[in-house]
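User: Please take a close look at one part of this structure, starting from its surface, and then follow the connections from there into the rest of the chain. Please explain each term when you first use it.

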Amino acid sequence: MSAKQVKSTAKSHGTHTDDNHKALWSGRFAEGPDSYAVEFETSINVDERMALDDIHGSIAHATMLGEQQIISAKECSEIVKGLKSIEADLTSGKLEIDYSAEDIHSFVEATLTDRIGEPGKKLHTGRSRNDQIALDERLYLRRVIPELQNKIITLMEALAEIAKNHTESFLSGYTHMQHAQPVTLAHHLMAWNAMLERDWSRLEDSLKRISVSPLGSGALATTGLPLNRELVAKQLGFDGVTANSLDSVSDRDYCIEFTSDFAMLQSHLSRMCEEIVLWSTVEFGFIDLSEKWSTGSSIMPQKKNPDFAELIRGRTGKVYGDLINLLVMVKGLPLSYNRDLQEDKAPLFEALDTCVANLTVFTAMISTAKWNTEKMALTCEGGFANATDVADYLVKKGVPFRTAHGISAKSVRMAIDAGLSRIEDLSIEELQQCSPLIEEDIFDQITVKSCVENRALTGGPSPKSVKAQIQKLLKFCAKNRK
C-alpha cells in the first residue's frame, strides 16, 4: 500500500459517545482547550498515513496483553477482531478518517471503543503515545522504504539498458567543465548508477538501525505491569527491543538519518539533472528529451525546455530544508519526550514524497530520451583530450611519468602555437622534436577509440570494463528488488 493510500475527506467516522472521543489526556482538565488550540496542536492530517501501522502495532500489543493475562482472552480477542475490522474498512474505503481526532492513535482507539465498547478502553494498557508513535514511525518506514528502494532499482535498470547500447558512444569526460579524457556515454551513465547504488545501500543500512521495537518504554520509564516487550517485537518482525526507555521515546535519529539519505539521493538526482539541462542545450546537443517530458514558452514559440529536470533539481532544496528542519528541532531538546517531536513527521514525509515523485519522473524522462552520438563524438575532437595518452605512450618506453608529462605538454604547446587543435595533427617529425622515442605507432595509440579501449582496468571506460560494470549492476538489481 502506498504512502498516501489511506486517505479520506474530513468526515466523522460514525456515531459515537462523547467520552470515547475526548482527548486521551482530558481527565485532569476542568475545561476543554480553546478551539484554535485544538486545531493548532492536532496532527492527524499528517500522521493519518500511519493508520495501518498504528493498527498493526496495536494488534501486537493487545495480543501480548492477552498472553501476559493483563487482559482476558475474551477481551484480547474482541480487541484484535475490532482492530482488524477497522483495518479492513479503512483499506476498502468504507471507513473514513475523522479529522476531529487529535491524532491517529486517538482515532483508532476511539473507533475501536465505538465498535466493541469497554474492552476497547483497555487497548492502551501499559503504553503511552510516546512509545506508540516511535513504533508507528518505524513500522511505517519499514513498509515504505523498500518501495523507494525499488524505484531506485528501476532507475538503475533503465540507465543500464541505455548504457548497453552506448558502450562505444564516445564523448569527452570533463574536469572543471573542460575537456579532460575520452570516455563513453555508457561509462558516464554507469557513474550515475554508482551514486544510486550507494543511495540504495544507505537506505538499507538505515533500515537495520530501526529494526528494534520501542514499545513498552511507556512515557519514559516503562511500566510496572508485566509486559513482554520481546514478544511484541517478535510479532512485528523486529530484531529486538530498544535498550533504554528514556532514549526510546526521545530518539528521532532515524527520522534524521532517513531524511539525510533522501537528501543525498536528491543531490545525486540534481547533479544528473544539471547535466541533462546542459546536454539538452544547442551548444551540447547530446540529448533530445521527449516532448512528453518537455515544455514550451508562453512567449517564445520555438522553445523546448527541460523543465522536469529543472524541477527535480529545484526541489532538492526542499529536501535539504526538511533535513535542516529536523536537525534544528532536536538540537536543544532535553530528555525525554517533548512536544517538539510531533513536528518530526511533516519534514520526514515531505522529503520521502519528494524523492518518490522525482525518481518516478526522472526514470520516465530518461527512458524516453534520444541520444545524439555524433555530437558527443565531436567533443573528443580537439581539446587535446589524448594528451595523457601521449604521456602513457612514453611511460611504456621507460620514460618517468613526470618527464613524459612534460614532453606531452610540449607537444600540446607546439600544436597550439601552430594553430592546431589536436596533437595528432602534428607530423611525426614535429613530435620527435619533443622526444626521439616517439615513433609512427603513436598515431594508432592516441585515437579516441584506443584511448578508451586502453583503459580496461576495473571501473574504467573501455567497452569490456563497462559491460562488466553493467552486468554486475544488473545482478545487484535482480538480487535486491523487494
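Analyst: L246 is a good place to start, because with a relative accessible area of 32% this residue counts as partly exposed (buried means under 20%, exposed over 50%, and partly exposed in between, with a 1.4 Å probe and protein chains only). The model is a predicted one, in which local features need pLDDT of at least 70 and side-chain atom pairs count only at pLDDT 80 or more, whereas totals for chains, interfaces and linings use all residues. Residues are numbered from 1 along each chain as its sequence is written, and side-chain values use heavy atoms, leaving out hydrogens and water.

L246 sits in helix α9, which covers residues 245-250 (helices, H or I with at least four residues, and strands, E with at least two, are DSSP runs numbered from the N terminus). Together with L220 and L335, L246 makes a nonpolar surface patch of about 270 Å². Such a patch joins nonpolar side chains (Val, Leu, Ile, Met, Phe, Trp, Tyr) within 5 Å, or like charges within 9 Å, from residues with over 30% relative accessible area and no salt bridge; areas come from the Shrake-Rupley method with a 1.4 Å probe, and for residues only the protein chains shown count as cover.

From the patch, L335 leads to a second feature, since a cis peptide bond with omega of about 5 degrees joins L335 to S336. S336 belongs to the loop between α11 (307-330) and α12 (345-367). In general, most peptide bonds are trans, and most residues other than glycine have a negative phi. With that background, two further residues deserve attention. Q69, in the loop between α3 (51-67) and α4 (73-92), has a positive phi near 60 degrees although this residue is not glycine. Q69 is exposed, with a relative accessible area of 71%.

The other is H176, whose phi is positive as well, near 55 degrees, and which is exposed, with a relative accessible area of 77%. H176 lies in the loop between β1 (170-175) and β2 (178-184). These strands form a hairpin with two residues between them, and they run antiparallel, joined by five bridges (two strands pair if DSSP finds at least two bridges between them). In one of these bridges, S172 has P182 in β2 as its partner.

Turning inward, we find that the largest nonpolar core has 71 residues, and W192, F258, F262, W279, F362, I366 and W371 have the most contacts inside it (a nonpolar core is a set of buried Ala, Val, Leu, Ile, Met, Phe, Trp, Tyr and Cys residues joined through side-chain atoms within 4.5 Å). Two or more residues of this core come from each of α6 (129-164), α7 (185-209), α10 (253-279), α11, α12 and α19 (463-480), and α6 gives the most, with 15 residues. Leaving aside neighbours within four places in sequence, F262 is in contact (heavy atoms within 4.5 Å) with I145, L148, L203, V319, L348, A351, L352 and C355. Apart from this core lies another, of 33 residues, among them I55, M64, L95 and I104.

Charged side chains add further links. A search of the whole structure finds 31 salt bridges (each a side-chain nitrogen of Lys or Arg within 4 Å of a carboxyl oxygen of Asp or Glu). D89 pairs with R115, their closest N and O atoms being 2.9 Å apart, and this links helix α4 with helix α5 (residues 104-116) across 26 residues of the chain. D89 is buried, with a relative accessible area of 15%, whereas R115 is partly exposed at 36%.

Another salt bridge joins K449 and E168, with the closest N and O atoms 3.3 Å apart. K449 lies in helix α18 (residues 448-453) and E168 in the loop between α6 and β1, so this pair ties together parts that are 281 residues apart in sequence. K449 is partly exposed, with a relative accessible area of 38%, and E168 is partly exposed at 44%.

By contrast, D199 and R202 both lie in helix α7, three residues apart, about one turn of the helix, and their side chains meet in a salt bridge of 3.1 Å, N to O. D199 counts as buried at 2% relative accessibility, while R202 counts as partly exposed at 24%. Finally, E41, E102, D103, R129 and R339 are linked in a network of salt bridges.
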